[in-house]
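Open the model in your viewer and get your selection tool ready. We'll go from the whole chain down to single residues, one stop at a time.

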Amino acid sequence: MSVNQVVNYEVIALETPKIIRNCRNCKRSTEYYCSDKFRVNANQKLVDIWLIYNCVHCENTWNYPILSRVHVSRVDPILHQKYMNNDQETIWYHAFEINKLRKLCDAVNKDIDYALKKDKVDSNSSEAKIRISCKYDFGLRIDKFLAQILDTSRS
Ligand SMILES: [Zn+2]
């Protein structure tokens, strides 16, 4: 039997993951949030770009290296402009590079707030396919997600 009814869910991230690392000021491991700002440095023809994170307790800064001493001729000018302008889409792209971030920090807290957008469904069919789309990969737990949208327990 085929199931024609498709329900689309879009998972919309409302924040970027926080990272966990040692803070020199707090003298312990703390969470850092993404400041939504790049730091761009040009030394002669060499470009450095970082994404800035701040400790949630004391605002101490950690710079996430995006480009390190790359010759300016090798940086795509459009992308370079996006770094200069703190383009939000570019910031979020880097802030969701969880595997890269994990290597530079103690851990990445992927438990972020998200919203759900659901298609309108007007049918009395008792069966449906569920299609889930998500722009950013933050390791959404499918069992947890299904329990939430179906309003049932995980077991
Ligand atoms: Zn701190």
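Start by colouring the two domains: domain 1 is 6–13 + 112–149, and domain 2 is 18–109. Their C-alpha centres lie 30 Å apart. The bounds come from an automatic or database domain assignment.

Before you click further, a note on the numbers: residues are counted from 1 along each chain as its sequence is written. You're looking at a predicted model, where local features need pLDDT of at least 70, side-chain atom pairs count only at pLDDT 80 or more, and totals for chains, interfaces and linings use all residues.

**Whole chain**

Zoom out. The C-alpha atoms of the protein chain fill a box of roughly 65 × 40 × 20 Å along the principal axes. The radius of gyration is 20 Å, while a compact globule of 155 residues would come out near 15 Å. (That radius is taken over C-alpha atoms, and the globule rule is 2.2 Å times the number of residues to the power 0.38.)

Now colour by pLDDT, the predictor's confidence in each residue, from 0 to 100. The protein chain averages 91, and 96% of the residues score at least 70. Confidence is highest in strand β2 (residues 18–23), at 98, and lowest in α4, at a mean of 85.

Switch to cartoon view. You should find four helices and eight strands in the protein chain. These are DSSP runs numbered from the N terminus: helices are H or I with at least four residues, strands are E with at least two.

**The five-stranded sheet**

Select β2 to β6. They form an open antiparallel sheet in the order β5-β4-β3-β2-β6; strands count as paired if DSSP finds at least two bridges between them. At the edges, β5 and β6 (107–109) each pair on one side only. From one strand to the next, the twist averages 40 degrees.

Next, show helix α2 (residues 88–95), which packs on this sheet and touches β3 (28–43), β4 and β5. Its direction makes about 130 degrees with that of β3. For such angles, axes are lines fitted to C-alpha atoms (for helices over the stretch in contact), and values run from 0 to 180 degrees between N-to-C directions. Touching means contact: C-beta atoms, placed from the backbone, within 7 Å.

Zoom in on β4 (residues 46–55) and β5 (residues 61–71), which pair antiparallel over eight bridges. Click Leu 46 and you'll find His 71 as its bridge partner in β5. Then try Asn 54, whose partner there is Thr 61. Five residues sit between the strands of this hairpin, where Glu 59 takes a positive phi near 70 degrees.

**The three-stranded sheet**

Select β1, β7 and β8. Here the order is β7-β1-β8, in an open sheet with mixed pairing. Why does one side of β7 (114–118) and of β8 (129–134) lack a neighbour in the sheet? Both stand at the edges with a single partner strand each, so one side is left free of a neighbour. The twist averages 25 degrees from one strand to the next.

Five bridges join β1 (residues 6–13) to β7, and the two run antiparallel. Click Tyr 9 to see it opposite Lys 118 in β7.

**Last stop: α4**

Select helix α4 (residues 142–149). How many of its eight residues are buried? Zero, so the helix lies largely in the open. Buried means 20 or more other C-beta atoms within 10 Å of a residue's own, exposed means 12 or fewer, and partly exposed is in between, with C-beta atoms placed from the backbone. Across the protein chain, 14% of the 155 residues count as buried. Finish at Asp 151, just after α4, which takes a positive phi of about 55 degrees.

Definitions and conventions
Contact = placed C-beta atoms within 7 Å.
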